[in-house]
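Reader: I have a new model open on the bench computer, and I would like to talk it through with you before I go any further. Could you take my questions as they come?

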Amino acid sequence: MSDKKAQLTVDGIDGVIEMPVLSGTLGPDVVDVSSLTGKGLFTYDPGFVSTAACESKITYIDGAKGVLLHRGYPIEQLAEKSDYLETCYLLMNGELPNAEQKKQYVDSIMNHTMVHESLVNFFKGFRYDAHPMAMMCGVVGALASFYHDSLDITDPEHRKVSADRLIAKMPTLAAMCYKHSKGQPFMYPDNSLSYAENFLHMMFGTPCEPSKIDPVVAKAMDVIFLLHADHEQNASTSTVRLAGSSGANPFACISSGIAALWGPAHGGANEAVLNMLREIGDESRIGEFVKRAKDKNDPFRLMGFGHRVYKNFDPRSRVMQGIADEVLSAMGAENDPLLKIAKKLEKIALEDEYFVEKKLYPNVDFYSGIIMKAIGIPTDMFTVIFATGRTAGWIAHWNEMISNPYKIGRPRQLYTGYTARDYVPLEER
Ligand code: CMC
């Protein structure tokens, strides 16, 4: 840590307030404002645009350069050379596993893929057309009711088994959501398959026919999970940390992360991108939609464009674009009209002065929906797939927080409501 200091003078407060400036291994310095409360002051930063809420060693993003590192490893290298479960291990443990560690980890995850049979009754309670994210919020939180034996968050072994259970069971629950909407029987996991293959088997297999899993599709699915695995302190991860800071169990915390992810400004964007491309419908209408996106009086935004942190290409979107080309050609869908609209839209937006000036580039969600559509995954399942991949990051951040000294998260506010006033009896109002 550096011995840099920041100094602040505030009208009405005597003297200069000195605050330590902390330096990480990468990224901007951070002013430690925690002493300000002792001076009767709070900081104000809606949307946390200038606030580091925690210290973390897991993921680093340089938004200006389009860099994303997990435990120091660039996302492009992980997408090309690693796989989802190895990346989960890396996020959780800080280092890549050796061969024996990898085998043990994969065995442990695959050992936990089944869910308690009573969970089937939860699904029976949902309407056939329930949104899968609504079901996921419920059933993931409900997992806590099955594991009283391992919910002591102060015990590292309990935390590890909960993390393994969550990563293992998310694809099973995700596929159950889909099967419920189709009215098809749930498929049990097949642990002889890889993580991504197993998910595809539970999604698309039926008891009548063995699953046929295209290796290109399985690889694409694995990379989709991997590219979504973590993204430092985004809205859902911060939600998981905040929920976890009260001592809540990990299943409840991940359920809160799923809720935060659901919104269209976050994970819900992949579903929104495809809906937008369908609404555009034809390349000739792209100009009209770009115009709307630039109109301050129109709430419409180009979904899949822009990012709070990336002010350059989202490195994940480049990998995603490559996979989109591979999957569509493997499925013989190179001429998919939505892909054509997406490519044209990307080109037009990247050349448009408004998008250039505001540094609005395609984000991870821009191409992921097209790939998932080609695979046959329905639009309302897209955010569930995001949640499945992101569970690794959520649980790694939760575990990092609980493994170190932490305080309950309790932001303050700038109060602008009424000052104290007397209660008015009903008959006098
Ligand atoms: N289309 C048109 N204008 C946009 C867009 C867009 N997609 N994104 C941002 N802008 C404009 C915005 O109107 C604002 O203009 P001005 O400065 O004139 O008011 C400026 O760019 C900055 O936008 P902001 O909303 O202040 O930026 P933010 O950092 O708060 O929002 C964002 C980031 C991702 C919520 C936003 O870019 C957005 O809504 N994008 C579309 C939704 C989307 O694709 N979300 C997925 C994000 S990546 C996946 C994930 O991490 O979950």
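Author: What follows is a conversation about this model, which is predicted.

Reader: Let's begin with the overall layout; what domains is the chain divided into?

Author: The assignment gives domain 1 (5-52), domain 2 (73-211 + 232-263 + 383-402) and domain 3 (269-375). Between the centres of domain 1 and domain 3, taken over C-alpha atoms, there are 38 Å.

Reader: There is an open sheet of three strands; what is the strand order, and is the pairing parallel or antiparallel?

Author: The strands of that open sheet follow the order 1-2-3, and their pairing is antiparallel. Strand 1 (5-8) and strand 3 (30-31) each have a single partner strand and stand at the edges, so each has one side left without a neighbour in the sheet.

Reader: And how many bridges join strand 2 to strand 3?

Author: Strand 2, which covers residues 17-22, is joined to strand 3 by two bridges, and these strands run antiparallel. If you want a place to look at that pairing, L22 stands opposite V30 in strand 3.

Reader: Changing topic, since I have to think about cysteines: how many disulfides does a search of the whole structure find?

Author: The search finds zero disulfides.

Reader: Why is there no bond for C88, then?

Author: The cysteine sulfur closest to that of C88 belongs to C253 and is 18 Å away, which is too far for a bond. C88 is also buried, its relative accessible area being 1%.

Reader: What about C253 itself; which cysteine sulfur is closest to that one?

Author: For C253 the closest cysteine sulfur is in C137, at 14 Å, and this again is too far for a bond. With a relative accessible area of 0%, C253 is buried.

Reader: Which residues does UniProt list for "active site"?

Author: The UniProt record, an unreviewed entry, lists H307 and D365 under "active site". They are spread over 59 residues of sequence, yet they cluster in space, with a largest C-alpha distance of 10.6 Å.

Reader: Where does H307 lie, and what does H307 touch?

Author: H307 lies in the loop between helix 12 (286-294) and helix 13 (315-330). Leaving aside residues up to four places away in sequence, H307 touches H231 and R316. A polar atom of the H307 side chain also lies 3.0 Å from the backbone nitrogen of V309.

Reader: Are the two listed residues buried or exposed?

Author: H307 is partly exposed, because its relative accessible area is 22%, whereas D365 counts as buried at 4% relative accessibility. D365 has its place in helix 16 (residues 365-375). If residues up to four places away in sequence are not counted, the contacts of D365 are H228, H266, G267, A269, N270, V273 and F386.

Reader: One last residue, H70; where is H70 found, and is H70 buried or exposed?

Author: H70 is found in strand 5 (residues 67-70), and H70 is buried, with a relative accessible area of 0%.

Reader: Which side chain makes a polar contact with the side chain of H70?

Author: That is T59, whose side chain makes a polar contact of 2.8 Å with the side chain of H70. Not counting residues up to four places away in sequence, H70 touches several residues, among them I58, T59, L90 and D230. H70 and L90 are 20 residues apart in sequence, and their C-alpha atoms are 7.8 Å apart in space.

Definitions and conventions: Residues numbered from 1 in each chain as written. Predicted model: local features only at pLDDT ≥ 70, side-chain atom pairs only at ≥ 80, totals over all residues. Heavy atoms only, no water. Pairing = 2+ DSSP bridges. Helix = DSSP H or I, 4+ residues; strand = E, 2+ residues; numbered from the N terminus. Disulfide = S-S within 2.5 Å. Buried < 20%, exposed > 50% of the residue type's maximum accessible area, 1.4 Å probe, protein only. Domains from an automatic or database assignment. UniProt positions renumbered as here; feature names shortened; annotations may be inferred. Contact = heavy atoms within 4.5 Å. Polar contact = N/O pair within 3.5 Å; in protein donor to acceptor, adjacent residues only side chain to side chain.
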